[in-house]
Amino acid sequence: MKIWHKILLGFLGVFVLISLSGVPTETYYQRIIEAIRLSSEQDQIAMQMVDATEIHLLEMESCLWQYLASGDPANQKYFQDRRKHWQILSEQMADLLKADPHMILILKRADRAATTWIQQVEPLMGAPRNGQKTVIPRLDDVRVQYQQLRKEQSRRLTEGYEYSVNTVERSSNLTWFLRGLALAVGLFTCWLVVRSVKHPLERLISATARISDGHFDSTVPVSNDELGQLSQSFNAMSRTLKERTEALEEQRRLAVQANVLKTEFLANTSHELRTPLNTIMGYTQLILDKLARNPDEEKNYLSIIQQSSKHLLSLINDVLDISKIETGQMRLELDPILLKPLLDQVNEHLRLPASQKCLQLTIFQSAPDLWVQAHPGRLKQVLFNLLGNAIKFTPHGSVRLEARPDETRNRICFEIRDTGIGIPKDKQQLLFQKFVQVDGSLTRQIGGTGLGLALSKSLIELMGGEISLSSEGEGCGSSVVFSLPKGKIT
Amino acid sequence: MILIVEDNEENAAFLKIFVERKGGWPCAICTQGDRIVELCQSGAVRLVIMDIQLHNTFFKGNAVSGVALARHLKTDPSTAGIPILLATAHALKDEQTHFLAESLADGYITKPIEDLHDLLGEIQRLVPAR
Ligand SMILES: Nc1ncnc2c1ncn2[C@@H]1O[C@H](COP(=O)(O)OP(=O)(O)OP(=O)(O)O)[C@@H](O)[C@H]1O
Ligand SMILES: [Mg+2]
């Protein structure tokens, strides 16, 4: 069941209850009307009392007549009796009507008229009959007064009854009207609530669906009520979700990339290790099959085997070095080193490979007594790597190493510059990562494992230096610059 | 004559010595693309042992790999009859099948060559009788 259906149902329940409440209320009203009817009976009693009072007066008159006619003293007594009763009734009536001053006024007037009449006739009751024609005051004036009283009372009776019943009916109608109004207002509020809840909720639902479909930039409009707050946190959530997902995606991409590099590295390393091994096994076979024509030739084979073994060892060492650096186990002892002998050794080693490619190799230092703070073996390794790269990636031209002091920073700068194939700008930042090569394909012209630059960078940093690489682009040659702290001569 | 295309000088040298002295096949070493094609066209070459990774080997001014060079020889009618043995240190099986298909070569040897005598047998098998 949808929320707005529930709300609607709830409101309807309330309306039904309100309407049902009308049933007892209505019975109460009926009872009230009944009560009014009963109370009006009292007024009717008052009415009857008016009649009775008047009857007493009439009886008194007839007593008078009989007395005058017969002279019977019993009539005298009877007259006094009626008079007493009249008095009592009159007082009772006054008591009954005392709430209504208007009625009291009329009653008093009637009373007064009656009393006057009684005072006039009383002496006649006691006087002896002398046979004369006696003038008897007429009761008619008094009766007019009583007539007035009766009329007034009956008017008052109907008016009061009608007024009360009308009032009760009016209030019952008002209640019904108010009930209807409550129903209308309730329905209207219900409609408002549903409207202000339904649309934002629907928008939230569809945005959630969109997010679960992977559209993380879905947002919902924000209103200024509680649903607005919900929408706001929803938008914040979808933003966070988007960022998280992007971050995860980026990490996944990096992991995949690292994995591809590792696979390439494995293939390359296998290739690189197999090449010197091939030489070793080949020449060993020549010796075993006694294919050397003289001892000198055999000695040459053996020295080739030795060289290749050394090359193989250095490859294995490179791989080990990288893993040592990665696990943080590489510690270097740094000493002040005089550069010149070290550079001479490097020159000695690289002269041959350079000359084989007809490259001009220059190693230059701006002063003969430059000292650096470094590990000699590792510095040589770095220079072999960088100059080896320069020679490897330069088909024609020259390779030049220059060492000069940087007095302001108290360092020695090394620059290796070649006229080779250069490095595309977009690859320059990546090459210091291990295994990364501009051309990692299997059929590429130039071998290597892709460890040289990564290893050199780590070694230089371990020796307190820094390294950077630049090239104007493909075909424009490359330049690698690194610096190390100056050595302190002690 | 057997043509050895291999840019690692030491490796090329021991191959030549072994095949010449043990197998009795005269050998030549060459890494210049244009020269290789010329030699093959001359009819003197009876088999080519071709390395895949060639540094500084150019053909018509462009750097080429052994795979491309082999393919060229195999698609040129004047040289298509010459059997080609690919030699490389790439050892993964699917790499090898890929290279074989790409280069149209006749056989494949993996470096390091475990037993050079097997290589002689392979040459014997591939070289067409005259
Ligand atoms: N002087 C250079 N000129 C052009 N490209 C270079 C130069 N130095 C390095 N590179 C590029 O950077 C890549 C990484 O070099 P790096 O020395 O790390 O590995 P490698 O030379 O391929 O293998 P390794 O040195 O481990 O045998 C090279 O493969 C090459 O593409
Ligand atoms: Mg290198």
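Reader: Which residue in strand 7 of chain A stands opposite Ile412(A)?

Author: That's Leu484(A). Bear in mind that we're looking at a predicted model.

Reader: What makes strand 5 and strand 7 of chain A a pair?

Author: Two strands pair if DSSP finds at least two bridges between them. Strand 5 of chain A and strand 7 (residues 478–485) of chain A are joined by seven bridges, so they pass that cut-off. They run antiparallel.

Reader: And how do you know that strand 4 of chain A pairs with strand 5 of chain A, and in which sense?

Author: Here DSSP gives eight bridges, in the antiparallel sense, between strand 4 (residues 398–406) and strand 5 of chain A. Across that pairing, Arg400(A) faces Arg417(A) of strand 5. Four residues sit between the two strands of this hairpin, and Asn410(A) has a positive phi near 60°.

Reader: Why is strand 5 of chain A called largely enclosed?

Author: A residue is buried when its relative accessible area is under 20%. Seven of the eight residues in strand 5 (residues 411–418) of chain A are buried, so the rest of the structure largely encloses that strand.

Reader: Over to chain B. What makes strand 2 and strand 7 of chain B edge strands?

Author: The open sheet there has five strands in the order 2-1-3-6-7, with parallel pairing. Strand 2 (27–29) and strand 7 (107–110) of chain B each pair on one side only, and that's what earns them the name. On average, neighbouring strands of this sheet are turned by 20° against each other, direction ignored.

Reader: How many bridges back the pairing of strand 1 and strand 2 of chain B?

Author: Three, in the parallel sense, which is enough because the cut-off is at least two. Ile2(B) stands opposite Cys27(B) in strand 2 of chain B. Helix 1 (residues 9–23) of chain B packs on the sheet, touching strand 1, strand 2 and strand 3 (47–51), and its direction makes about 170° with that of strand 2 of chain B.

Reader: Now ligand 1. What makes the side chains of Lys392(A) and Asp418(A) polar partners of ligand 1?

Author: The cut-off for a pair of N or O atoms is within 3.5 Å. An N or O atom in the Lys392(A) side chain is 2.9 Å from a ligand oxygen, and one in the Asp418(A) side chain is 2.9 Å from a ligand nitrogen. Both pairs therefore count as polar contacts. How much of ligand 1 does the protein bury? Of the 590 Å² that ligand 1 exposes when taken alone, 93%.

Note on methods:
Residues are numbered from 1 along each chain as its sequence is written. Chains are lettered from A and ligands numbered from 1 in the order in which they are written. This is a predicted model: local features need pLDDT of at least 70, side-chain atom pairs count only at pLDDT 80 or more; totals for chains, interfaces and linings use all residues. Side-chain values use heavy atoms; hydrogens and water are left out. Buried means under 20% relative accessible area, exposed over 50%, partly exposed in between (1.4 Å probe, protein chains only). Axes are lines fitted to C-alpha atoms, for helices over the stretch in contact, and angles run from 0 to 180 degrees between N-to-C directions. Contact means heavy atoms within 4.5 Å. A polar contact is a pair of N or O atoms within 3.5 Å; within protein, one must be able to donate a hydrogen and the other to accept it, and residues adjacent in sequence count only if both atoms are side-chain atoms. Accessible areas come from the Shrake-Rupley method with a 1.4 Å probe; for residues, only the protein chains shown count as cover.
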